[in-house]
Amino acid sequence: MTGTLLKIEGLTKAYPGVVANDQVSFEINEGETHALLGENGAGKSTLVKMIYGLVKPDSGTMQMHGTPFTPAEPRAARAAGVAMVFQHFSLFDALNVAENIALGMENPPAMRDLAEKIRTVSEAYGLPLDPFRTVGDLSAGERQRVEIIRCLLQDPKLLIMDEPTSVLTPQEVEILFETLRKLTAEGVAILYISHKLEEIRALCDAATILRLGKNVGTCVPAETSARDMAELMVGSELQTPKSAGAALGEVVLDIAGLSMPSPSAFGTALRNIHLRLRAGEVLGIGGVAGNGQDELLLALSGEQRCAASAIKFKGAPIGQLSPNARRALGLLTAPEERLGHAAAPNMSLTENALLTGNLRKKLSQNGFLNWSKARNFASEIIEKFDVRTPGPDNAARSLSGGNLQKFVIGREVLQEPEVLVVNQPTWGVDASAAAAIRQAILDLAAGGTAVIVISQDLDELMEVADNFAALNEGRLTEVRPTQGLTIEEIGLMMGGAHGMEVAHV
Amino acid sequence: MDLSAINPALLLASLLVAATPILLAGIGELVVERAGVLNLGVEGMMITGAICGFMATIVTGTPLLGFIFAALGGAGLAFLFALLTQYTLANQVASGLALTLFGLGLSSLLGQDYVGLKPPSTPQLDIPVLSDLPFLGTVLFSHDLMVYFGIGLVAAVWAVLKYTRAGLVLRAVGENHEAAHALGYKVVRIRVLAILFGGACAGLGGAYISLVRVPQWTEGMTAGAGWIALALVVFASWKPWRVLLGAWLFGGVTVLQLNFQAAGVAIPVEYLSMSPYIITIVVLVIMSADKSRAPASLGRIFHASS
């Protein structure tokens, strides 16, 4: 059970202008859980795509059980026993569970037999699923079960998991880990990609660390501290954000009985939300993705209106005000989706700065734009938030995720808001940029601004927030001080295990 | 006004005939859109099919060969669209509109020497007992083969989409092309095949107009049937049987209003002429108010990057 399953030697893949993987080598044993660590853009995805046959390496070799392994397409990789749980892009919303699973199989049995098989396997591994439900109606955790069951039905030898826990509650993570341990006990090897270092320490037997496409080291996660692993990934020392701990002021934002239907067919309606936010407070709102986070941001930004008195800003009802009217008052927001929602991808940074900064920064006069002033504002953001870009005339889409996020957050922060609402401020952002963004949020709060941070990264919320609440199916739990909250309590606030149970094979 | 001149059996029989062109074009476009491609060139492919089928029938004297060439002509024009949108990643809306304009021009050019000719008539079905049945025989069993082919095609498309692996893969590609690609399906190849199928169907629909319904060649003779077929697919919520229903509704009202005109009903002709369009769309809009929605990748350009 401990023979080498997959051996990778000198794997190299270059794209125009960037070497995604440069001479990467490592081995995975049977029954081993092997972590692949690295920041965004370190080349993890390219590496697993090569193993899964989606991308062909330029040079280097892979061996499976000692024989050369060169999958020309995913079909060949699947035939060789490689299965993959994707982070994005792999389920079909309009199809049902069984159809989704059939699409990932080589020779699926007839639908009725498949449905039966799905029921048996999913219950055996403690991931109950109804094969005939439409995937678009499932929660994020349930969708992931679909992907995992799809892999398990192929009796894989190597299971690749790309960021599997980003959408799960702590309890669901624990159950997933039980399932994974069960699999490794059966001899399945797991290649596990994650940013969450504590999870890797709990689960993985070995880790390979990538930085800028190169293999920069290996470690035994259980014996290495999370901080050491993070520094191996980043290649430099990490700054931990510090809060100045200012005293809280008056209540600036008062939400009482906010209910609102979701604008999208697969969204979550907000149900009777109450919260009070004081000047200088950072409120962290956690919860599994798709439980009303996006809708809450829409309600606060004014993109979707609600009952006038449901949201009060310094005592004045603003539920019916437009986004610009709210900006004028000092309520600013930064949505989750960077390209397309927070920023217009094809417009320059100057134009993007104008889009939300126009009002408070007075970037136009009598309907005419003041370009020099707008450009100065954009340059100011770039300078103060260390946005890596040749200049304010570059298109928003040309920036990397982390840099654009710094720009988007910086744009709102520099407008000196009274209340700032951010959704997933550091999603897909590398560790050093994330630290900078969190520091900016803390500095802002120290200056007396009230901040709501909506995030699925619990470590982040624990780090920046004074108080914590969780969204669960469109309802907000009571607000509790972050200090003294245990991970179990947070998990229960987020809705517990959502009907999952520990595997009982 | 004399409504008694309207014969219900003949009315129903001509309904099936009037519905066939948009039914064929619509079911083809439905397959294309379920694969995630929006081809607005249906009108252009229909008229190209109409002239190709007409020419082939005049030259060979066989309507069957005419229909085959019509399908090839429609598919040929669709291949141009596939080339533009799937390989050079051109915008689908613009390419589709261009295809319609191109098809209209090309067909007038090809058809210059064929104006005024009369094609050999397409044989009608004549089953001894069935076709002689009173009423039912006239309505159901005395049409040309294309009428039955159209209905059979709807059933086939429905069954393939619902019950076969090929249909599942096609729907998956239309729903989320990135995911389909990640699972190893050939998105571009599947879409090109769907586009060719759609072109062939549109070509058949066009030829049905020039060979059976009218039957002769005039410039621009499809007269917007391609656009109706497109609207039909959308308002039928991308469901095959609803396309059939919509086509029959359109055909039925078309035939009925012609009969009304002939019978001298006291409604201005303009209103009668617009009635098929209005009634079909109103009914389908009401029906499409349920939860069904467009294929999620419809009209989006796919490029297998990284």
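Helices (H or I, at least four residues) and strands (E, at least two residues) are DSSP runs, numbered from the N terminus.

**View 1. Helix H12 and the residue after it in chain A.** This is a predicted model, in which local features need pLDDT of at least 70, side-chain atom pairs count only at pLDDT 80 or more, and totals for chains, interfaces and linings use all residues. Residues are numbered from 1 along each chain as its sequence is written, while chains are lettered from A and ligands numbered from 1 in the order in which they are written. H12(A) is followed by Asp386(A), which has a positive phi, near 55 degrees.

**View 2. The two sides of H12(A).** Ala374(A), Arg375(A), Phe377(A), Ala378(A), Ile381(A) and Ile382(A) of H12(A) are buried, meaning that 20 or more other C-beta atoms, placed from the backbone, lie within 10 Å of a residue's own, whereas 12 or fewer make it exposed. These buried residues cover an arc of only 160 degrees around the axis (taken from the directions from the helix axis to the C-beta atoms), which puts them on the same side of H12(A). On the other side of H12(A), Ser372(A) and Glu383(A) are exposed.

**View 3. An open sheet in chain A.** Four strands in the order E12-E11-E14-E15 (chain A) form this open sheet with antiparallel pairing, where two strands pair if DSSP finds at least two bridges between them. Strand E12 (270–278) and strand E15 (316–317) of chain A stand at the edges with a single partner strand each, so one side of each is left without a neighbour in the sheet. Six bridges join E11 (residues 251–260) of chain A to the antiparallel E12(A), and Leu253(A) stands opposite Leu277(A) in E12(A).
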